[in-house]
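Subject: Structure for you to look at

Dear colleague,

I am handing over the structure we spoke about, with the sequence alongside, and below it you will find my notes on what turned up. Please read them with the model open.

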Amino acid sequence: MASAEIAPFDSSALGASLGAFERAADLLSLDPGMRSFLAKPRRSLEVTVAIRDDAGQLRTFDGYRVQHSLTRGPGKGGLRFTPEASLEETTSLAMAMTWKCALVDLPYGGAKGAVRCDPERHSESELERITRRYAALIMPIIGPGRDVLAPDMNTGEREMAWVMDTYATQTGLLGDAAVTGRPIVLGGSAQRRSATGHGVAEAVRLAARAFALPKPLRVIVAGYGNVGSKTAELLLADPEVLVVGISDITGARYCESGISLPKVAEVLDGGGAIADVEQGERLLPHELLELDCDVLVPAAVSGVVNVANAGSLSTRVVVEAANGPTTEGADAILADAGIQVVPDILANAGGVIGSYVEERGGELALESGRAAGIISSRIESAFHATLARAEAMSCSLRDAALTIAIERVADAHRVRGLFP
Ligand code: GLU
């Protein structure tokens, strides 16, 4: 792939996570030693993923696996394939995984992986070679009990099966997998597929109750992919919820009386996109964010709520289904406008809770409903703890959630001590 096809490195992502970390560390009066320890990843591996493309040409891609924390348990976090991937972004996302796992009290550290490539431009066999080569290169630091991968942006069960197979054939260890989010035939759980959406829907319900939002509850889901569509479908199980807006990169639809999701599913199942949906008002994806609703759920890419549009939002609450959808500058504008933000490390933690059930639950994970119950109860406890902390510290939900998580990781580190 020519370098011109790849976006420039974005170091702002790490700056924003560190900024949020420093703010929370100030609220906790965290000592300088612990502060610098937690601000840095334990280990970062940069690799050059070389493959032969379908035409036989040698091609290289930058790859990363960052383990931000290994204090509360093994590394845990997704693997993403995007043209924007960078070491800075991967580090920032690994740090977010540490706080996410600690907030919902999972016995994991935090990690993230990425390959800087555009999956749209590769055949399935090229993607398989990229995935397997990447897995082989990061082999020394991953595996059950060390660091366990999962799906993230542009990766899913297919990629997890390739990583699992590469790991197993290289190590000869066929029992526990180095990934969660596996296909069901390889020991995955049906609930893992909908786990993130399940957690987001739970967070929306909790926010509606906590902030006394009106009924029917009008929700906009910006980014109708796997997480967004699951969230919307699960929310509609409640007759007092209306999904009034949805979007993907092709377009957006807004309808005051609610969008019929089965009709949307018909279009998408037939290979169409949101731009092909014949319902409601037709808009551009970014225009949808500013329309009237009670809860806005940004469910796709990061940075969609930013200083350019934060002042124009017409919602009471933002529930962050994506990782990092609200920029630091936008956070301040939303706080001034009295708009509550349920942060990503809380709202989208259902995915990693589902991974935990898959990894540790064994056969039990396959029992229908079990994962859903565990996701709901963990999100609920974390939500109430975050609300209480925000009130006690007079801070935002994001800062409150971060203080709880940082405190847990710092406590775990103090108890373990340093060796050697
Ligand atoms: N990629 C998901 C996340 O960002 C899931 C991670 C996992 O299950 O390890 O939370």
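A polar contact, as I use the term here, is a pair of N or O atoms within 3.5 Å. Please keep in mind throughout that this is a predicted model.

With that cut-off in hand, the ligand is a convenient place to begin. It is surrounded by 14 residues, of which the closest are Lys76, Lys100, Pro151, Asp152 and Ser355. For Lys100, a polar side-chain atom lies 2.7 Å from an oxygen atom of the ligand, and for Lys76 the distance from a polar side-chain atom to a ligand oxygen atom is likewise given as 2.7 Å. Lys112 also places a polar side-chain atom 3.1 Å from an oxygen atom of the ligand, so each of these pairs falls within the 3.5 Å that the definition allows.

Lys112 leads on to an open sheet of 5 strands, whose order is E1-E2-E4-E3-E5 and whose pairing is mixed. Its edges are formed by strand E1 (43–52) and strand E5 (147–151), each of which pairs on one side only, and from one strand to the next the twist averages 25°. Within the sheet, strand E2 (residues 58–69) pairs with strand E4 (residues 110–116) in the antiparallel sense, over 6 bridges, and Val66 is the residue that stands opposite Lys112 in E4. Helix H5 (residues 157–171) lies across strand E3 (75–82) and E5, and runs at about 150° to E5.

Elsewhere in the chain, strand E6 (residues 217–222) and E7 run parallel and are joined by 6 bridges, with Val221 standing opposite Ile246 in E7. Strand E7 (residues 241–248) is mostly covered, since 7 of its 8 residues are buried.

Finally, the nonpolar interior. In soluble globular proteins, nonpolar side chains tend to be buried together. Here the largest nonpolar core has 74 residues, and those with the most contacts inside it are Trp99, Val297, Val319 and Val342; helix H14 (residues 397–416) supplies the largest share of this core, 9 residues. Leaving aside neighbours within four places in sequence, Val297 is in contact with several residues, including Val221, Val319 and Ala321. Apart from the largest core lies another, of 25 residues, among them Ile51, Ile141, Trp162 and Val179.

With best regards

How values were computed
Residues numbered from 1 in each chain as written. Predicted model: local features only at pLDDT ≥ 70, side-chain atom pairs only at ≥ 80, totals over all residues. Heavy atoms only, no water. Pairing = 2+ DSSP bridges. Helix = DSSP H or I, 4+ residues; strand = E, 2+ residues; numbered from the N terminus. Axes fitted to C-alpha atoms, helices over the stretch in contact; angles between N-to-C directions. Contact = heavy atoms within 4.5 Å. Core = buried A, V, L, I, M, F, W, Y, C linked by side-chain atoms within 4.5 Å. Buried < 20%, exposed > 50% of the residue type's maximum accessible area, 1.4 Å probe, protein only. Near = heavy atom within 4 Å. Polar contact = N/O pair within 3.5 Å; in protein donor to acceptor, adjacent residues only side chain to side chain.
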